[in-house]
Amino acid sequence: MGPSTDIRQDHHPRGDEACMDRLDRLEAIEEIRNLKARYFRYMDSKLWDDLATVFTADMQVITPNGDVWMKGGANYAASLRSSLTDAVSCHQGLTGEVEVVDERHATGIWAMQDVIEWADRHPREGWKSILGRGHYHETYRWEKGRWRIATLTLTRLRLDITWPGDAHPGVNGDS
C-alpha cells in the first residue's frame, strides 16, 4: 500500500506514536481555551470553590526563575482568595498559544493584563492597585475527565503600582 493521505495517520511533530487526530486536537485546544477563560472568570467573580476545580491536585506555581512558589491547586485557589477577596479585579488572557503534546498533556502561553484595586491594600504586598502586563506560561493535564492547569508561571513585562497614601515603595515587604 502506498503513502497514505489520511490526516488521522499524521504523526505529531514531536514524533509521538500515539497521536491525536486533528479533530481531537482542535477539541482539546478549545477545551483548554475555555479552561483559561473559566480561570479568569472564577477569580474575578470570586467563585473560590469553582476556581479550585481548574487546577490539578498537585498543581505547581513556578516563579520565573524556576523555583516552586506553591504546590497544590487548592492551596493556590486559597492564596488567590486571600489576595483578592477585598479587591475588584479584571484579568484578561489574550492571544493564547496552545500546543497539545499528547492525549493527556498540553502547554500554553497567554498574553495577559490584570487590573486590580483593593479596598484598602493588598494583604501581603501593600499595594493599593496594580496594572500588570505579561504572559502566563502553563502546562495542562487531562485529569478526572477534563483538562486542568498543572503548572503556572506568570512573567511580567510591566507592573504599574499605586501605593496607598500612607505607604511608600520598600515598605510592606517590597524592595
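Start with Phe55: at 4% relative accessibility, this residue counts as buried, since the cut-off for buried is under 20%. Keep in mind that the model is predicted. Phe55 turns up in two of the ring contacts below, one with Tyr76 and one with Tyr39.

**Phe55 and Tyr76**
- The rings of Phe55 and Tyr76 pair up edge-to-face, with 5.4 Å centre to centre and 65° between the planes.
- Phe55 sits in strand β1 and Tyr76 in helix α3 (residues 73-84), so this pair ties together parts that are 21 residues apart in sequence.
- Tyr76 is buried, and so is its partner Phe55.

**Phe55 and Tyr39**
- Looking over the whole structure, a search turns up seven aromatic pairs.
- One of the aromatic pairs joins Tyr39 to Phe55, again edge-to-face, at 6.0 Å centre to centre and with 75° between the planes.
- Here the pair ties together parts that are 16 residues apart in sequence, because Tyr39 belongs to helix α1 (residues 22-44) and Phe55 to strand β1 (residues 55-62).
- Tyr39 is buried too, with a relative accessible area of 0%.

**The wider ring cluster**
- Ring pairs link Tyr39, Phe40, Phe55, Tyr76 and Tyr136 into a cluster.
- Tyr136, a member of that cluster, also has a charged neighbour: Lys36 lies over the face of the Tyr136 ring, at 3.6 Å from the ring centre.

Key. Residues numbered from 1 in each chain as written. Predicted model: local features only at pLDDT ≥ 70, side-chain atom pairs only at ≥ 80, totals over all residues. Heavy atoms only, no water. Phe/Tyr/Trp six-rings, centres within 6.5 Å; stacked < 30°, edge-to-face > 60°. Helix = DSSP H or I, 4+ residues; strand = E, 2+ residues; numbered from the N terminus. Buried < 20%, exposed > 50% of the residue type's maximum accessible area, 1.4 Å probe, protein only. Lys NZ or Arg CZ within 6 Å of the ring centre and 35° of its normal.
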